[in-house]
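Q: I'd like to learn how to read a protein model feature by feature. Can you walk me through one?

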Amino acid sequence: MIVLSRKEVQMKKSKKEVLLRLTRFVLQNYKISWGVVAICIIISSVTSLISTLFIKSLIDDYVIPLTQVDNPEYTSLAQTLFKLALILFIGVICNYVHNLLMIFVSNGSLLKLRKDLFTSMEKLPISYFDNHSHGELMSVYTNDIDSFRDMISRSLPMIFNSLITVTITIVSMIVLSIPLTIVSLFLAFIMMRVTIALALRSRKYFMKQQEKLAEVNGFIEEMMTGQKVVQVFCHEEEAKAKFSVINEELRVAVYKANKIANIIMPVNGNLGNLGYVLIAVVGATLALTGYVSLSLGTLVSFLTLNRNFMHPVAMLSQQMNTVINASVGAERMFNLMDEKPEINDGRKEMKPENVVGTFQLNHVDFGYTPEKQVLFDINLHVNDNEKVAFVGGTGAGKTSIINLITRFYEINSGSILFDGISIKDIDKRDLRHCLGMVLQDTSLFTTTVMENIRYGRLDATDEECIEAAKLIGSDDFIRRLANGYHTMLDNGGKNLSQGERQLLAITRAAVANPPVLIMDEATSSIDTHSEQLVQKGMDILMRGRTSFIIAHRLSTVRNADLINVLEHGHIIEQGSHEQLLSLKGKYYQLYTGGSLS
């Protein structure tokens with residue numbers, strides 16, 4: 001007796017749950033269409049069976065009798081053949097309708113699947129995207145959905161067709177000869193046992209294949225994004241070497257997955273041929289010895305039925321690979337759908353027009369993981385319309401504070417108050433509507449300049465977008481573009497300079513007109529001339545607003561009302577530029593050492 005471990009039982013349960021959920025997803029939205037497909041497949045299978053059974057009647061009732069008379073009459077044979085042709089034509093029509101419906105069902109199911117995946121993804125917290133590569137996510141939308149498409153468009157109809165054919169064929173075989181049916185069922189049992197054993201062994205390798213495919217896609221996406229860095233440091237050979245390693249790992253995973261899966265069809269094909277010969281020998285022996293009354297027409301019909309019986313059994317085993325691959329992909333897709341969405345537990349409303357703009361951080365502790373704390377006992381009081389800056393080395397905790405203010409992450413302990421209200425009590429959408437952000441890495445979308453500006457507030461008019469551009473100072477360069485505000489931006493705005501992209505991001509924030517502004521190293525990756533333009537736009541945007549600034553350059557923090565110097569997650573100095581210089585502490589060292597300039 002084989003005893004499965006608890007982990008093995010859970011894995012088997014998980015596989016079963018994935019397949020059941022996948023089946024429900026496929027059937028739930030197109031029940032009528034699937035019903036029509038099922039009817040068409042049944043009719044098509046029946047017509048195919050009728051043509052097979054006609055062989056017995058053709059031999060026993062027409063061919064043999066007609067050879068025994070001097071003047072044979074072929075009228076009845078012609079009438080029967082015409083009826084058979086009509087039945088087969090009906091089968092062809094049903095087969096056409098079923099294939100046409102499957103195109104409709106498969107495309108509709110893929111449409112809904114992509115929509116559900118994207119909807120689920122948009123609800124996920126930022127932490128999920130911080131912990132998963134873009135290539136891994138893209139692999140779900142491409143490779144896993146492709147495997148699902150193969151299953152729904154080809155495998156499921158074939159499997160259903162095979163099951164119907166097998167059922168009807170078994171009944172017909174029993175009617176023709178019970179002893180020969182027993183032989184056929186025994187061979188079919190062996191084929192199914194071989195199929196199941198091989199399929200279970202190959203599934204774990206299909207899972208590994210999908211994981212390695214996602215890794216390859218992620219590496220390619222990373223290299224495409226950082227191609228300039230690769231070339232400027234002459235790391236082409238290193239990149240090719242690393243890609244060769246992970247590409248080889250993918251090849252090995254694919255080889256192992258298909259090595260087992262691809263022998264299913266040949267093994268079952270040979271078993272089917274062996275069964276055909278065995279039944280011919282057994283049937284001929286029974287007929288010649290007289291143990292069983294078996295006519296020539298019956299034996300030929302049974303052999304044809306056996307071939308029709310073994311073929312769908314072999315088709316079932318052939319489609320097992322696709323089903324296994326789809327179940328692996330479905331498991332990854334459902335895992336993405338089942339990820340816990342970002343919790344929005346705030347119930348208090350906050351409108352931008354009613355915001356004062358004060359903040360209090362009281363004894364805030366935070367860590368991205370329980371094992372590693374990155375902020376320690378952060379205390380900060382921000383008045384309305386104040387400009388607050390954070391400076392410090394890489395990993396000091398500057399961006400982490402911003403992540404907590406925006407509630408991209410939750411604090412471990414302490415409290416953050418916005419206008420005297422805990423940000424945990426504020427609806428997240430309302431909270432973020434009150435916060436405008438300009439990041440170091442500017443995200444522009446594949447649409448016109450106007451629509452990229454309007455992204456800050458979707459109901460903004462063209463005139464409001466243009467006024468915001470004039471206010472910030474981006475109007476001049478926009479009008480110099482080929483089509484002005486209607487110029488299409490491709491590939492994240494690569495046809496613009498870094499400074500122009502940053503000015504567009506600031507203009508977008510100006511259209512949103514938030515009461516609180518966050519500048520996360522907005523000028524750290526642009527040249528001095530562009531910095532002057534961007535700085536001017538930032539100064540205009542920050543007027544009359546509470547502003548948080550993360551920067552390495554003193555030009556953006558010198559006139560801040562409050563500068564916070566962070567080191568290893570602690571605020572070690574607070575004050576204005578002059579106050580901190582007079583302390584001659586860490587800020588003074590950074591200033592005189594030129595690290596911030």
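Q: Let's start with two rings: are Phe-359 and Phe-418 buried or exposed?
A: Keep in mind that this is a predicted model. Burial is a matter of relative accessible area, with under 20% counting as buried. Here Phe-359 is buried, and Phe-418 is buried too.

Q: How many aromatic pairs are there by the ring rule, and how are the rings of Phe-359 and Phe-418 arranged?
A: The idea is to look at ring centres and then at the angle between planes, where under 30 degrees counts as stacked. The protein has eleven aromatic pairs by that rule. In the pair Phe-359 and Phe-418, the centres are 4.4 Å apart and the planes sit at 10°, so this one is stacked. It also ties together distant parts of the chain: Phe-359 belongs to strand β1 (residues 359-366) and Phe-418 to strand β4 (residues 413-418), 59 residues apart.

Q: Which residues do ring pairs link into a cluster?
A: Phe-359 and Phe-418 again, together with Phe-390 and Phe-548.

Q: Which residue lies over the face of Phe-334?
A: For a charge over a ring, you check the distance to the ring centre and the angle to the ring normal. Arg-21 fits, at 4.2 Å from the ring centre of Phe-334.

Q: How do I check a long helix, say α5: what should its 43 residues span?
A: Multiply out the rise per residue and compare the result with the distance between the end C-alpha atoms. For α5 (residues 134-176), 1.5 Å a residue gives an expected 63 Å, and the ends are 60 Å apart, which agrees.

Q: And where in α5 does a kink lie?
A: At Ser-155, with a bend of about 40°, shortly before the proline Pro-157.

Q: Now for contacts across the sequence. Which residues does Phe-302 touch, leaving aside neighbours within four places?
A: Contact means heavy atoms within 4.5 Å. Phe-302 sits in helix α10 (residues 296-338), and its contacts include Met-173, Leu-176, Leu-180 and Ile-279. With a relative accessible area of 1%, Phe-302 is buried. You can also go by C-alpha distance: Phe-302 and Leu-53 are 249 residues apart in sequence but 8.4 Å apart in space.

Q: Where is Leu-489 found, and why does Leu-489 count as buried or exposed?
A: Leu-489 is in the loop between α15 (475-479) and α16 (498-512). Its relative accessibility is 0%, so Leu-489 counts as buried. Beyond its neighbours within four places in sequence, Leu-489 contacts residues including Leu-444, Phe-445, Val-449, Asn-452 and Leu-504. The C-alpha atoms of Leu-489 and Asn-452 are separated by 8.8 Å, with their positions 37 residues apart along the chain.

Q: What about Ser-120: which residues is Ser-120 in contact with, neighbours within four places aside?
A: Leu-336 and Met-337. Ser-120 has its place in helix α3 (residues 75-122), and at 17% relative accessibility it counts as buried.

Q: Zooming out, how many helices and strands does the protein have?
A: There are 19 helices and ten strands. Of the 597 residues, 45% are buried. The exposed area is about 31500 Å², and carbon and sulfur atoms supply 59% of it. Among contacts with a separation of 6 or more, residues 24 or more positions apart account for 78%.

Notes: Residues are numbered from 1 along each chain as its sequence is written. This is a predicted model: local features need pLDDT of at least 70, side-chain atom pairs count only at pLDDT 80 or more; totals for chains, interfaces and linings use all residues. Side-chain values use heavy atoms; hydrogens and water are left out. Helices (H or I, at least four residues) and strands (E, at least two) are DSSP runs, numbered from the N terminus. The expected span of a helix is 1.5 Å times one less than its number of residues. The bend at a residue is the angle between axes fitted to the seven residues ending there and the seven starting there. Buried means under 20% relative accessible area, exposed over 50%, partly exposed in between (1.4 Å probe, protein chains only). Accessible areas come from the Shrake-Rupley method with a 1.4 Å probe; for residues, only the protein chains shown count as cover. Rings of Phe, Tyr and Trp (its six-membered ring) pair if their centres lie within 6.5 Å; planes under 30 degrees apart count as stacked, over 60 as edge-to-face and the rest as tilted. A charge sits over a ring if NZ of Lys or CZ of Arg is within 6 Å of the ring centre and within 35 degrees of the ring normal.
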